Protein chains: 2
Amino acid sequence: MIETNPAIRVSEIFGPTIQGEGPLIGLPTVFIRTGGCDYRCSWCDTLHAVDNQFRHEWKMMPVDAVWQSVVELSGTQPVMVSLSGGNPAIQPLGALIDRGHGAGYRFALETQGSVVRDWFVDLDVLVLSPKPPSSEMRTDWAAIQACVDAAQEKPQVVLKLVVFDESDYAYAKEAAARFSRLPVFLQPGNHTPPRPGNEDASVDLDGIIKRMQWLVDKVTRDRWFEARVLPQLHVLLWGNKRGV
Amino acid sequence: MIETNPAIRVSEIFGPTIQGEGPLIGLPTVFIRTGGCDYRCSWCDTLHAVDNQFRHEWKMMPVDAVWQSVVELSGTQPVMVSLSGGNPAIQPLGALIDRGHGAGYRFALETQGSVVRDWFVDLDVLVLSPKPPSSEMRTDWAAIQACVDAAQEKPQVVLKLVVFDESDYAYAKEAAARFSRLPVFLQPGNHTPPRPGNEDASVDLDGIIKRMQWLVDKVTRDRWFEARVLPQLHVLLWGNKRGV
C-alpha cells in the first residue's frame with residue numbers, strides 16, 4: 001500500500017525563480033530542496049541540505065504541507081517543480097508527484113543516481129548527475145543503470161556532469177559512452193561554493209568563466225558536438241545567494 | 001528548377017563554439033552569418049552584417065565554398081549549423097541545407113520572420129524573433145504566420161523575444177498569445193551592443209544582469225511559467241567579442 005501523506009525531510013522550499021542549470025535552464029521553477037544525502041562531495045554547494053550538523057534547520061513535512069507550500073508559491077498556477085537536495089531520491093516523493101500531476105504541475109528530479117525508486121517513472125524529467133573524481137566519491141554505475149531502467153523511457157532522462165579538471169572530463173566522456181542514448185549536459189564546477197553561514201562570501205566568477213572557456217575549448221577540439229556546455233547561470237547572475 | 005550552387009552573401013563563418021542564446025543554448029555550433037538585412041533595429045548587435053557600409057567585408061560565396069568552410073571548421077564531424085545574420089532568410093540557403101543534411105549536419109535558422117521561404121520546412125530548428133517596439137521596427141504578423149505555416153510542423157519552431165522594457169514585455173505577451181503553440185524564449189536586451197570597429201568597447205554587464213533580474217521578476221510575478229528566460233550567455237562570458 002502506498003502511503004498518501006508520508007513525511008518528507010525538507011531543507012527549503014522557494015521560488016518561483018528560473019532554473020539555473022541543466023536541460024530546463026531558464027524555466028520558472030519552484031524548488032523543493034530535501035535534507036540529507038548519502039554522498040559528501042568535496043565541493044558540495046548545498047552543504048546546508050547535506051551535512052547533519054544542519055539538520056536542526058530541516059523539517060519533517062507531510063506531503064500535504066509540502067504541496068500546500070508549492071501551491072501558495074505558484075499562486076495555484078501549474079509550474080515546473082524541481083526536486084533536489086541533498087539527494088531527493090532518499091525521500092518518499094511519489095505521493096507528492098501524484099498530487100501535483102493531478103493539478104497539472106510537472107516534476108524534475110536531480111540526483112547522483114545512487115538510489116533508485118519506482119516512482120522515477122512518474123517524473124517528467126530525471127537529471128542524473130554522477131559525481132566525477134574531483135568529488136572524491138565513487139560511482140556505482142549499476143545503480144545509475146537501475147535509475148535509467150526505472151524511468152522506463154517515460155520521463156526525459158539526461159546526464160548532467162560537473163567538470164573541474166581533465167580527469168573529470170575523462171569521466172564525463174566515460175559516462176556519456178556508457179549511456180550513449182542520453183543527452184549530456186556539461187557544467188563547469190564552482191570551486192568557491194557557498195559555505196553555510198557564509199553565503200555572501202564572494203564567488204570567483206573569473207575562475208568559473210575561465211573554466212567554462214576551457215571546457216568549451218575541450219568539447220569543440222574533441223568535436224564532442226552532442227554535448228551541451230552550460231554554466232550555473234544563477235551563479236553568474238547572482239553569485240552564491242540562496243533563494244533566487 | 002532549384003539551383004544547386006547559388007551564391008550566398010556571407011558576412012562571417014566561424015566556430016565551432018557554443019550557441020549563446022535561445023533553445024540550443026550551450027550546444028557546439030558552427031555559425032554562418034549572412035550579410036544584409038531588411039530591418040535596421042535601433043539596438044542591432046550585428047551591424048557589421050547588416051549595414052551596407054560594411055558590404056565590402058561581405059563575400060558572395062557559392063554553396064560549395066560555404067559548405068567547404070563548414071566541413072573544415074567541424075573537421076568533417078556533423079555539427080549544428082546556425083544560419084543567422086542580418087536576415088538569413090533573404091539568402092538562398094535551401095541547397096546548403098540539403099548538402100549538409102546529406103552529411104548528417106543539422107541547421108537552425110534565426111530570423112525576424114519578415115521573409116518566408118519554402119525551404120523553412122527543411123530546417124531542424126526555426127527561431128522566429130519578431131522585433132519589439134524598442135527596435136523601432138513594425139511587425140508584420142501575417143508574415144510571421146506565413147513562416148510558421150511554411151515550416152509545416154517539421155522543424156522545431158520557437159519564438160525568441162528580446163525585451164528591453166515594459167512595452168517590449170507587453171509585445172512579447174502579445175506574440176506568445178498569437179502563437180500559443182510555440183515555445184517562448186525571452187532574452188534581456190543588450191543596450192551596449194558592439195559597434196563595428198569598436199568591438200572591444202566594454203559591455204554594461206551590470207545593466208544586463210539588472211534587466212535579466214527584472215525580467216525574471218516580471219515573468220514569475222505574472223506567473224508566465226511556460227516562458228523561458230535566458231540571457232545572451234556569450235555576452236555574460238565574453239562581452240561583445242566576435243568569433244567566440
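Trainee: In this predicted model, what share of the interface residues of chain A are also interface residues in chain B, and how should I read that?

Mentor: The share is 100%, so the copies meet through the same surface. The contact takes 33 residues from chain A and 33 residues from chain B.

Trainee: What relation brings chain A onto chain B?

Mentor: The general idea is that two copies of a chain are related by a rotation about an axis and a shift along it. Here, chain A can be laid on chain B by a turn of 180° and a shift of 0.0 Å along the axis, with an RMSD of 0.0 Å. That is the relation of a two-fold axis. Within chain A, the C-alpha nearest this axis belongs to Leu236(A), at 3.9 Å from it.

Trainee: How is the size of such an interface expressed, and what is the area buried between chain A and chain B?

Mentor: The size of an interface is often given as the accessible area lost when the parts come together. Between chain A and chain B, the buried area is about 2800 Å², and carbon and sulfur atoms give 69% of that area. On the side of chain A, the residues that lose the most area to chain B are Phe225(A), Arg228(A) and Leu237(A), which together account for 22% of what that side buries.

Trainee: How many salt bridges and how many residue pairs in polar contact does the rule find across this interface?

Mentor: The rule finds 0 salt bridges across the interface of chain A and chain B, whereas it finds 8 residue pairs in polar contact, with both residues at pLDDT 80 or more.

Trainee: Which elements of chain A give two or more residues to the side that touches chain B?

Mentor: They are β1 (7-18), α5 (205-221), β9 (228-229) and α6 (233-238) of chain A, and α5(A) gives the most, with 6 residues. By class, that side of chain A has 23 nonpolar, 7 polar and 3 charged residues.

Trainee: Turning to the sheet of chain B, in what order do the strands lie, and which are the edge strands?

Mentor: In chain B, 9 strands form an open sheet with mixed pairing, in the order β3-β1-β2-β4-β5-β6-β7-β8-β9. The edge strands are β3 (59-62) and β9 (228-229) of chain B, each of which pairs on one side only.

Trainee: In which sense do strands β6 and β7 of chain B pair?

Mentor: Strand β6 (residues 125-128) and strand β7 (residues 156-163) of chain B pair in the parallel sense over 4 bridges, and Leu126(B) stands opposite Val157(B) in β7(B).

Terms used: Residues numbered from 1 in each chain as written. Chains lettered and ligands numbered in written order. Predicted model: local features only at pLDDT ≥ 70, side-chain atom pairs only at ≥ 80, totals over all residues. Heavy atoms only, no water. Contact = heavy atoms within 4.5 Å. Buried area = accessible area lost by both parts, 1.4 Å probe. Salt bridge = Lys/Arg side-chain N within 4 Å of Asp/Glu carboxyl O. Polar contact = N/O pair within 3.5 Å; in protein donor to acceptor, adjacent residues only side chain to side chain. Nonpolar A, V, L, I, M, F, W, Y, C, P; charged D, E, K, R; others polar. Least-squares fit on C-alpha atoms with pLDDT ≥ 70 in both. Pairing = 2+ DSSP bridges.
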